[in-house]
Amino acid sequence: SSAWSNDDVDTIDSLLHDEVIVCPPWSFREGKEAVVVGARYHFDHFLETRVTPRRIIFDDSQPYFGVCQQTFACTDPKRGRRGQDQDFVFYEIGKLRYWRNYFDTERSVQEEYKNRELPV
């Protein structure tokens, strides 16, 4: 979460599994390079990103996998709005492998992503 708060693409890159999948409502990203490009895009268009873990769940019988329920907040300087979304990250210990976001896209401040084709 501190990597997002500090616009630290290098740390985000180091935490990603090579086959990572990120699924926000409007932009499916598959593979480490595509996710890093998406992170750079985010930092170029949004300010004051904060990721706050709310609940971490893992099963002792599957010690290498877990789920983190979190709040992802940021400011859209273009529109002068701050907002937050609730999402879930499914992870392998050590490397983020799957991140699926569930949130109300009508209320999200991340309008910059809507109907955009991000570079791969």
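**Buried and exposed elements of the predicted model**

In this predicted model, Thr49 has a relative accessibility of 1% and therefore counts as buried, the cut-off for that class being under 20%. Thr49 belongs to strand β3, which covers residues 47–57. When residues up to four places away in sequence are left aside, the contacts of Thr49 are with Trp4, Ser5, His42, Phe72, Ala73 and Cys74.

One of these contacts, His42, is itself among the buried residues of helix α3, a group that also includes Ala34, Val35, Val36, Val37, Gly38, Ala39, Tyr41 and Phe43. The buried residues of α3 pack against α1 (2–5), α2 (9–15), β1 (16–23), β2 (29–30), β3 and β4. As for its length, helix α3 comprises 14 residues (32–45), which at 1.5 Å a residue should span 20 Å, and the C-alpha atoms at its ends are indeed 20 Å apart, so that the two values agree.

Strand β4 (residues 65–76) is paired with strand β5 (residues 81–92) in the antiparallel sense, over 12 bridges, and within this pairing Gly66 stands opposite Tyr91 of β5. The hairpin formed by β4 and β5 has 4 residues between the strands, and there Gly80 adopts a positive phi near 65 degrees.

In contrast to the buried Thr49, Ile93 has a relative accessibility of 52% and therefore counts as exposed, the cut-off being over 50%. Ile93 is placed in the loop between β5 and β6 (95–101), and together with Tyr64 and Phe65 it forms a nonpolar surface patch whose accessible area amounts to about 350 Å².

Note on methods:
Residues are numbered from 1 along each chain as its sequence is written. This is a predicted model: local features need pLDDT of at least 70, side-chain atom pairs count only at pLDDT 80 or more; totals for chains, interfaces and linings use all residues. Side-chain values use heavy atoms; hydrogens and water are left out. Helices (H or I, at least four residues) and strands (E, at least two) are DSSP runs, numbered from the N terminus. Buried means under 20% relative accessible area, exposed over 50%, partly exposed in between (1.4 Å probe, protein chains only). Contact means heavy atoms within 4.5 Å. Two strands pair if DSSP finds at least two bridges between them. Patches are made of residues with over 30% relative accessible area and no salt bridge: like charges are joined within 9 Å, nonpolar side chains (Val, Leu, Ile, Met, Phe, Trp, Tyr) within 5 Å. Accessible areas come from the Shrake-Rupley method with a 1.4 Å probe; for residues, only the protein chains shown count as cover. A salt bridge is a side-chain nitrogen of Lys or Arg within 4 Å of a carboxyl oxygen of Asp or Glu. The expected span of a helix is 1.5 Å times one less than its number of residues.
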